Amino acid sequence: MLKHRLSWTATAREQIELERNSFINLFKGSLTDVSTGILILRLLLGVVFFAHGAQKVFGWFGGYGLDATVDSFAKMGIPAVLAYVASFTEFLGGLSMITGFLTRIFAVGLTINMIVAMTLVHLKNGFFGPNGIEFTLTLAVVALTIFLLGPGVYSLDNQFFKEKK
């Protein structure tokens, strides 16, 4: 009986793997492969964080610059050093996502940055509406997804750090 169960389990696992591979192969070599999807997510996230970081650090795109950002964070009780870390994490993290360089490191930083923003600033405004958590939550989940999946083949990380076979 036990032998029958083990062979059934192995057969079921093989069947699941076969179905999974068949589904993946259905899209292989097209624009719908996983690395293309990761690239799209990385570029979108990168542009958003680059722009927001540039607002905080340089005052670009209608922002107020680093001094005003640090003052604003201080009014919320956030120490200056963390205001600098958050601002530069957004700016450099945006560049990281666009280029795919040091992707996982910055993806963690961006995820943490958005969790802090949600809890300290946006949560009191609810899910929707002006300044709700929906946008920061989406950014956090996309950054976490990139951390979990990695930067994909269309990245500098892949070029510099891929495993030798």
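**Exercise 1.** In which helix is the place of Leu-120? Then classify Leu-120 by its relative accessible area.

*Solution.* A word on the source: this is a predicted model, in which local features need pLDDT of at least 70, side-chain atom pairs count only at pLDDT 80 or more, and totals for chains, interfaces and linings use all residues. Residues are numbered from 1 along each chain as its sequence is written, and side-chain values use heavy atoms, leaving out hydrogens and water.

Step 1: Leu-120 sits in helix α5; helices are DSSP runs (H or I, at least four residues), numbered from the N terminus.

Step 2: the relative accessible area of Leu-120 is 48%. Buried means under 20%, exposed over 50%, and partly exposed in between (1.4 Å probe, protein chains only), so Leu-120 is partly exposed.

**Exercise 2.** Place Val-142 and find its contacts.

*Solution.* Step 1: helix α6, residues 134-149, holds Val-142.

Step 2: Val-142 counts as buried because its relative accessibility is 16%.

Step 3: setting aside neighbours within four places in sequence, Val-142 is in contact (heavy atoms within 4.5 Å) with Leu-41 and Leu-45.

**Exercise 3.** Which elements give two or more residues to the largest nonpolar core?

*Solution.* Step 1: a nonpolar core is a set of buried Ala, Val, Leu, Ile, Met, Phe, Trp, Tyr and Cys residues joined through side-chain atoms within 4.5 Å. The largest has 16 residues, and Met-114 and Leu-139 are among those touching the most other members.

Step 2: the elements are α2 (34-58), α5 and α6, with α5 giving the most, six residues.
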